[in-house]
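Open the model in your viewer and keep the selection box handy. The stops below follow charged side chains.

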Amino acid sequence: MAEVNLKKLSRADLLEMMINFSEEAEAAKRHEQEYKEELEREKLAMQQQMAEERAALLKNFDEEKAEMRAKFAEQKAQLQEKYEKDIEGLKARLEGEKNELQLQVDDSLSKIKKAGNLAEASLLIGGILESAQKAADIYLKTIKDKAKTDE
């Protein structure tokens, strides 16, 4: 507004000017209130949108977690089955080697009975024990190798 010398204005002009300022101030306050209300509505809308997005993310996370658990359980079952199969094979192999060693022991005992003196018997027993030790070493190495491959 152009600079106006207030002393030169009449009372009516001054009153009119004050009324105009008052109306403009009230309009500015209403406008400010409208902007505040609009801003609050936008804020609430954004909060609602963010809450919905968060809920969707949590739901997706829970679904992915459930899928991962199912896959893990399936893999665990497969590995458990393989492990049990391997253990059964090793048990069968152990039983076979044990039977073979028993046959060797029985054979050696029959040889000892046939042997006439103690010296021959001790030599035969030494051979049996060496064979048994070799078989035990082979079995132990096989189990260790199998454990390393399973890991």
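Buried means under 20% relative accessible area, exposed over 50%, and partly exposed in between (1.4 Å probe, protein chains only). This is a predicted model: local features need pLDDT of at least 70, side-chain atom pairs count only at pLDDT 80 or more, and totals for chains, interfaces and linings use all residues. Residues are numbered from 1 along each chain as its sequence is written, and side-chain values use heavy atoms, leaving out hydrogens and water.

**Stop 1: Glu32 and Lys36.** Select Glu32, which is partly exposed at 43% relative accessible area. Add Lys36, also partly exposed, at 47%. Their side chains form a salt bridge, 3.6 Å from N to O. The term requires a side-chain nitrogen of Lys or Arg within 4 Å of a carboxyl oxygen of Asp or Glu. The two residues sit 4 apart in helix H1, so about one helical turn separates them. Helices here are DSSP runs (H or I, at least four residues), numbered from the N terminus.

**Stop 2: Glu95 and Lys98.** Select this pair for another salt bridge, at 3.9 Å from N to O. They are 3 residues apart in helix H1, which means about one helical turn. Glu95 is partly exposed, at 38%.

**Stop 3: Lys141 and Asp145.** Move to helix H2 (residues 118–150), where these two lie 4 residues apart, about one helical turn. Their closest N and O atoms are 3.1 Å apart in a salt bridge. Lys141 is exposed at 54%; Asp145 is partly exposed at 34%.

How many salt bridges does a search of the whole structure find? It finds 5.
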